[in-house]
Amino acid sequence: MTTPNAAAQAPAPPARCAECRRIKAGHYEASRSGDLQKARAWTEEMGRHVWAAHA
């Protein structure tokens, strides 16, 4: 059974990683402008970052 305030009592989600946000923004901008080579580079950068920082 849950209380009416169960959602208010749940812990806050962890803050998002600033580096992930930076990489995602770069990827989005490259994709939006049609620069597929740069978008691919951002994808590879995200892979390296996730491996190093979050694995």
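Which residues are exposed on the other side of H3? They are Gln-37, Arg-40, Trp-51 and Ala-52. The model is a predicted one. Its chain has 3 helices and 0 strands, and the order of elements from the N terminus is α-α-α. This briefing covers the chain as a whole, helix H3, the residue His-49 and the cysteines.

**Chain**
- The chain has 55 residues, of which 13% count as buried.
- About 4,800 Å² of the chain is exposed, and 59% of that area is supplied by carbon and sulfur atoms.

**Helix H3**
- Helix H3 takes in residues 36-54, 19 residues in total.
- At 1.5 Å a residue, H3 should span 27 Å, and the 26 Å between its end C-alpha atoms agrees with this.
- Ala-39, Met-46 and His-49 are the buried residues of H3.
- Viewed down the axis of H3, these buried residues fall within an arc of 80°, so they line one face of the helix.
- An α-helix has 3.6 residues a turn, so residues three or four places apart point the same way.
- Helix H2 (18-33) is included in what covers the buried residues of H3.
- On the other side of H3 from the buried residues, the exposed positions are Gln-37, Arg-40, Trp-51 and Ala-52.

**His-49**
- His-49 is located in helix H3.
- The relative accessibility of His-49 is 11%; because buried means under 20%, His-49 counts as buried.
- With neighbours within four places in sequence left aside, the contacts of His-49 are Cys-17, Glu-19, Cys-20, Ile-23 and His-54.
- Two cysteines, Cys-17 and Cys-20, are thus among the residues in contact with His-49.

**Cysteines**
- There are 0 disulfides in the structure.
- Cys-17 takes part in no disulfide, and its nearest cysteine sulfur, that of Cys-20, is 3.9 Å away.
- Seen from Cys-20, the closest cysteine sulfur is in Cys-17, and the 3.9 Å between them is too far for a bond.
- The cut-off explains this result, because a disulfide is a pair of cysteine sulfur atoms within 2.5 Å.
- Cys-17 has a relative accessible area of 24% and is therefore partly exposed.
- Cys-20 has a relative accessible area of 13% and is therefore buried.

How values were computed
Residues numbered from 1 in each chain as written. Predicted model: local features only at pLDDT ≥ 70, side-chain atom pairs only at ≥ 80, totals over all residues. Heavy atoms only, no water. Helix = DSSP H or I, 4+ residues; strand = E, 2+ residues; numbered from the N terminus. Expected span 1.5 Å × (residues − 1). Buried < 20%, exposed > 50% of the residue type's maximum accessible area, 1.4 Å probe, protein only. Arc of directions from axis to C-beta. Contact = heavy atoms within 4.5 Å. Areas by Shrake-Rupley, 256 points an atom, 1.4 Å probe, with all protein chains shown as cover.
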